[in-house]
Amino acid sequence: MNKKFLSLVACVATAAQAQIFTTDVRTVATDSSSAQSATRLFLDGAFSSAVPANQTYNLWFVADTAGNGVPTIGVTSGSLLGADDRVLFTDRVDGDQPGSTAGRYRRQGASISSSVASGGVTETSVRNSSVFVYLWNNTDNGFNALALANGTVPSVPVGTQFGVYNMGTFTVPEVGNAFWGIDQNVNATQFTVVPEPGEYAAMAGGALVAFAIWRRRQQRSNA
Ligand SMILES: [Ca+2]
């Protein structure tokens with residue numbers, strides 16, 4: 001293999017890994033990078049008996065690049081994210097937490113790819129975004145792949161539940177990684193992806209058909 005080819009391969013590899021910045025993420029007791037790691041990720045809202053999410057549960061980190069929030073109550077699969085919202089990266093609850101402690105998360109040096117800046121979203125707006133963490137009540141191995149087509153809304157199955165927390169905006173240092181702290185509890189069953197209006201109509205139609213068949217059987221048995 002000649003040197004020119006090798007340097008071309010190196011250039012392509014660099015381009016594929018182009019990033020805007022890197023960040024450390026951790027569940028913390030307070031909004032401080034020096035705080036102890038804390039249990040923040042749960043599977044229900046009754047925190048007196050809440051079950052900490054183990055390492056199989058899915059996480060998304062989403063940039064609200066227009067500062068107008070992210071859809072939550074009554075979201076459908078087709079409106080899960082706003083046009084300005086970008087999935088920065090996905091992970092599992094465990095991250096690289098030593099000992100796989102349920103409810104806790106730590107990831108060091110997560111790379112935010114410049115490919116998320118698309119569809120009118122700039123790298124500058126991504127750097128200055130509020131970052132929302134999504135905890136999904138979902139352990140499907142392929143689920144996080146839904147989120148990876150940047151600039152499009154991931155198609156999430158109806159009935160899937162999630163919790164979301166706005167971690168706020170963070171300074172990206174000139175050198176080293178940014179730090180994102182999950183400093184409040186997140187409840188994976190807080191919100192539910194509901195059917196599109198058209199799907200409701202189809203479901204209602206199905207119920208009417210079932211009722212008509214039941215009525216016919218009743219009429220026959222009464223005859
Ligand atoms: Ca938004």
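What follows is a conversation between a trainee and a mentor about this predicted model.

Trainee: Let's start with the overall layout. What makes up the protein chain, and in what order do the elements run?

Mentor: There are three helices and 10 strands in the protein chain. Reading from the N terminus, the order is α-β-β-β-β-β-α-β-β-β-β-β-α.

Trainee: Now the sheet with β3 in it. Which strands form this open sheet, and in what order?

Mentor: Five strands do, in the order β4-β3-β6-β7-β10, with antiparallel pairing.

Trainee: What makes β4 and β10 edge strands?

Mentor: Each of them pairs on one side only. β10 covers residues 191-192.

Trainee: How do you know that β3 and β4 are paired?

Mentor: Count the bridges: a pair needs at least two, and β3 and β4 have seven, running antiparallel. For a landmark, look at A63, which stands opposite R86 in β4.

Trainee: And what makes β3 and β6 a pair?

Mentor: That cut-off of at least two bridges again. β3 and β6 have six, in the antiparallel sense, so they count as paired. D64 stands opposite S130 in β6.

Trainee: Where does S130 look on the β7 side?

Mentor: S130 stands opposite T169 in β7. Further along, V133 stands opposite Y165. Six bridges join β6 to β7, and the two run antiparallel.

Trainee: Why is β3 called largely enclosed?

Mentor: A residue is buried if 20 or more other C-beta atoms lie within 10 Å of its own. Seven of the seven residues of β3 are buried, so the rest of the structure largely encloses the strand. Check the two faces as well: N58, W60, V62 and D64 are buried on one side, and L59, F61 and A63 are buried on the other.

Trainee: What makes β6 "mostly covered"?

Mentor: Six of the seven residues in β6 are buried. For the whole protein chain, buried residues make up 26% of the 223.

Trainee: Which residues have the most contacts inside the largest nonpolar core?

Mentor: They are L59, V62, V133, Y134 and L135, in a core of 42 residues. Eight strands, β1 through β8, are on the list of those that each supply at least two residues. β6 gives the most, with six.

Trainee: How do you know that V133 touches residues from elsewhere in the sequence?

Mentor: Touching here takes C-beta atoms within 7 Å, and residues up to four places away in sequence are not counted. On those terms V133 touches L59, F61, Y165, M167, I182 and V186. For the protein chain, take contacts between residues at least 6 apart in sequence: 74% of them join residues at least 24 apart.

Trainee: Back to sheets. What is the order of the open sheet of three strands?

Mentor: β5-β1-β8, with mixed pairing.

Trainee: Why do β5 and β8 stand at the edges?

Mentor: β5 (106-113) and β8 (178-182) each have a single partner strand, so one side of each is left without a neighbour in the sheet. The twist in this sheet averages 30° from one strand to the next.

Trainee: How do you know that β1 and β5 pair?

Mentor: Six bridges join β1 (residues 19-27) to β5, against a cut-off of at least two, so they pair. The two strands run antiparallel, and Q19 stands opposite S113 in β5.

Note on methods
Residues numbered from 1 in each chain as written. Predicted model: local features only at pLDDT ≥ 70, side-chain atom pairs only at ≥ 80, totals over all residues. Helix = DSSP H or I, 4+ residues; strand = E, 2+ residues; numbered from the N terminus. Axes fitted to C-alpha atoms, helices over the stretch in contact; angles between N-to-C directions. Core = buried A, V, L, I, M, F, W, Y, C linked by C-beta atoms within 7 Å. Buried ≥ 20, exposed ≤ 12 C-beta atoms within 10 Å, placed from the backbone. Contact = placed C-beta atoms within 7 Å.
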